[in-house]
Amino acid sequence: MVPAGTQHPPLIKNMSSTRFKEQIRNSISQESLQIALDANAERRVKGRIAAFASLPDWGGRRQRAHAVRADVIAHLDHYLETFIARAQDNGIIVHRAKDADEAVNLVLEIVNQVGADGHPPLQKLVAKSKSMVSEEINLNHALEKENIRVIETDLGEYIVQLRGEKPAHIITPAVHLRRADVGKLFHEKIGIPYTEDIPTLTNTARKILREVFLTADIGVSGVNFGVAKSGTFCIVTNEGNGRMVTTMPPVHIALMGMERLVPTLDDLALMLSLLPRSATGQKLSVYTQLINRPLENQVRHLVIVDNGRSRLRASSLYEALYCIRCGACLNACPVFRELGGHAYVGADGSIAPYPGPIGSVVSPGLLGENFVHLAQASTLCGACKDACPVDIDLPKLLTRVRAGETRNQANGLDEVAKFGLRMYSRVARNPGMFAVSQKLAALGTFLVSPFSPWFRIPAFTGWGSSKDFPRFAAKPFRARFKREASFYSAPQGTKDPDAKVSKPNEKELRDPSAISVQKDKAAQFSEELTALGGNVYRLPQEQLNEKLIEFLRAINVDAVMMWDKVPGLDEARLTEAGIALRRSDDAQVRVGITGAACAVAETGTLVIASGKGQPLTASLLPEMHVAVIKSSQITGTLEEAMTLNEMKSAAAVVLVSGPSRTADIEMTLTIGVHGPGELHVFLVDG
Ligand code: SF4
């Protein structure tokens, strides 16, 4: 725990960067980049507001999430110890890396071990899904140096990898590109005819990457959250590539920052109610995976990375470790919206793995002085704090990075300047004092300006003698911003902007079902899933078999991948109707049929647990996923679903909320990337 009042040692030393300034000028002058960044920010911010409108108690949840993250960081050793012990009990091979070199060497060792010890021969091919830690430790570069092919499988990451670039945003890696750039790239690198048609581009990537999933020896993924109590780790994706890399290759390596823990599954449900809404404006990402154990014939490794986190935790910037990497502060930041991620460069010209407001704290905090100047790239307007779902006081941290930089200057500032900066830091962190100081500064400026009745003498002030003095704005920026901020951060229908941080309603917190809309859960589930692009057919039990056969015939399907047992489905009747039932993975079969452990009404989600005769691949490999579920299996909320025994007992559980999707090219929604492009649910009454 970091005790209150602790004098934190200075973490960061100063280093100015002319490269950073060059990159800023470069970004601002690129019209195409500006259009792409504006489109991203507008849609993400609006999506976030709309998504939070469906969460009436979101202000309370935000405060709870802050408290949960604060508790985890304060007692990190305890939670890590518990998490590691549980994960090991579950059969996960856990490694700890103190820095980037150690993490890279651990991964290399695991990769080189494949092919030995009776593993299948090493193809030297790694299928990788999005992982910010892997960017931080520069994993791809290290693997490629050892002649190991690494293919990024998230569409945005695949695009930037083909361009030889780093991601430009922690959620939307190709945010800086427009469809014409991707069309040109695919034409030059893959050899397809030039096209700007986004479904064609997405489908091209799907075909290439499907081959990678099926042949890779190793899958590498990140981790969004680790659950200390159960040893579970959670990965959220929309495209299905996260599911592929953790399911198809015989060896899976998950990379996790050591701070990414929550105490319980209930806390995980809380984080999941905030993360996707903040990141992509979704109530839940399409695929939320909960991984407990290795699947059959699979080895799972978990590499827990420190790489500066312990040092950051012991510094005055420890609150940055509360971050859940949603990217909302990037989208809200007026500076990031002009620059994009590639402008955030170190003194050595290298691109910071984490850009934007949180990146300007975390990058120097984890990686040192090379990135310290990034904290200057902020107006301290507070938009990042307002957007943050775990209420991190980013302006405070940014001013601390700036202050740390000043404290560490070798030549030192004089005592008066130091005092002034200390005072500024204190005032800037207090909204009320900051507003008053702005008014006083404006008054002082006015008194010595040419508009002042007392000092209209150019010789006295120097102002006005050679150039016009700008007119004062009718209201200071802060006052104008406050009006807009209420638009950006208050849920729809909230009149009072301060309501966004209202205290949690105790009744709501103790009984989440009390806040769910009291209507037929099955109807709500159908409505939600249909809105996500799924199809729901509600029917009585006695019609199930015939309706399913009718459905399969209508789409000319005579073979399906199916679980050994799907409750309510008569296999003999299907076989009699000429439908071949495949029990093992078959990449050629178009339809997979599964049951489900339960469904969640509030998010339109199916909860699918792996088990004997229940391969998760049936809901992943085919282009169409058909699920059969009884209406009595529908729960109201995600919190209720988290109490299911399967969440802890199954090797892996996936929460499916609609068909696979992406918006990685020009924020245009495209369905069917790596997972099924169609989801059909037969919802059985009785
Ligand atoms: S600081 Fe907050 S808003 Fe920014 S990425 Fe982290 S959790 Fe999201």
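Reader: Hi! How much space lies in the second largest cavity?
Author: Hello! In this predicted model, the second largest cavity holds about 70 Å³ of space.

Reader: And which residues line that second largest cavity?
Author: Its lining is made up of Leu 55, Arg 61, Ala 269, Leu 272, Ser 273, Arg 277, Lys 283, Leu 284, Glu 602, Thr 603, Leu 638 and Glu 639. Two elements give two or more residues to this lining: helix 12 (265-280) and helix 27 (638-641).

Reader: Nice. Which helix gives the most to it?
Author: That would be helix 12, with 4 residues.

Reader: What about the classes of residue in that lining?
Author: There are 5 nonpolar, 2 polar and 5 charged residues around the second largest cavity.

Reader: OK, moving on. How many cavities of 30 Å³ or more are there?
Author: The count comes to 6 cavities of that size. About 80 Å³ of space lies in the largest cavity. It is lined by 13 residues, and the closest to its centre are Cys 323, Cys 326, Cys 329, Cys 388 and Pro 389.

Reader: What takes the space of the largest cavity?
Author: The ligand does: the space it takes is the largest cavity.

Reader: Cool! Which residues are around the ligand, then?
Author: From the first part of the numbering you have Cys 323, Ile 324, Arg 325, Cys 326, Gly 327 and Cys 329, and further along come Ile 358, Cys 388, Pro 389, Val 390, Ile 392 and Leu 394.

Reader: How does that shell split by class?
Author: The shell around the ligand has 10 nonpolar, 1 polar and 1 charged residues. For the lining of the largest cavity, the split is 11 nonpolar, 1 polar and 1 charged.

Reader: Let's switch to pockets. What volume does the largest pocket have?
Author: The largest pocket has a volume of about 1,100 Å³. Of the 47 residues that line it, Ile 171, Asn 238, Thr 280, Gln 282 and Ser 285 are the closest to its centre.

Reader: Which elements give two or more residues to that pocket's lining?
Author: The helices are helix 2 (31-53), helix 6 (132-136), helix 12 and helix 24 (521-531), and the strands are strand 6 (232-237), strand 7 (251-257) and strand 20 (661-662). Helix 12 gives the most here, with 4 residues. By class, the pocket lining has 19 nonpolar, 15 polar and 13 charged residues.

Reader: Last topic: what is the mean pLDDT of the protein?
Author: The mean is 85, and 81% of the residues reach 70 or more. Over residues 1-6 the pLDDT is below 50, and this stretch has 6 contacts beyond near neighbours in sequence. Residues 480-519 also have pLDDT below 50, with 47 such contacts in the model.

Reader: What should I keep in mind where pLDDT is low?
Author: The predicted coordinates should not be read in detail there.

How values were computed:
Residues numbered from 1 in each chain as written. Predicted model: local features only at pLDDT ≥ 70, side-chain atom pairs only at ≥ 80, totals over all residues. Heavy atoms only, no water. Near = heavy atom within 4 Å. 1 Å grid on protein atoms, 1.4 Å probe; cavity = no way out; pocket = protein on both sides within 12 Å on 5 of 7 lines; lining within 4 Å. Sits in = over half its atoms within 2 Å of the grid points. Nonpolar A, V, L, I, M, F, W, Y, C, P; charged D, E, K, R; others polar. Points joined across faces, edges and corners; volume = space filled by probe spheres on them. pLDDT = per-residue confidence, 0-100. Contact = heavy atoms within 4.5 Å.
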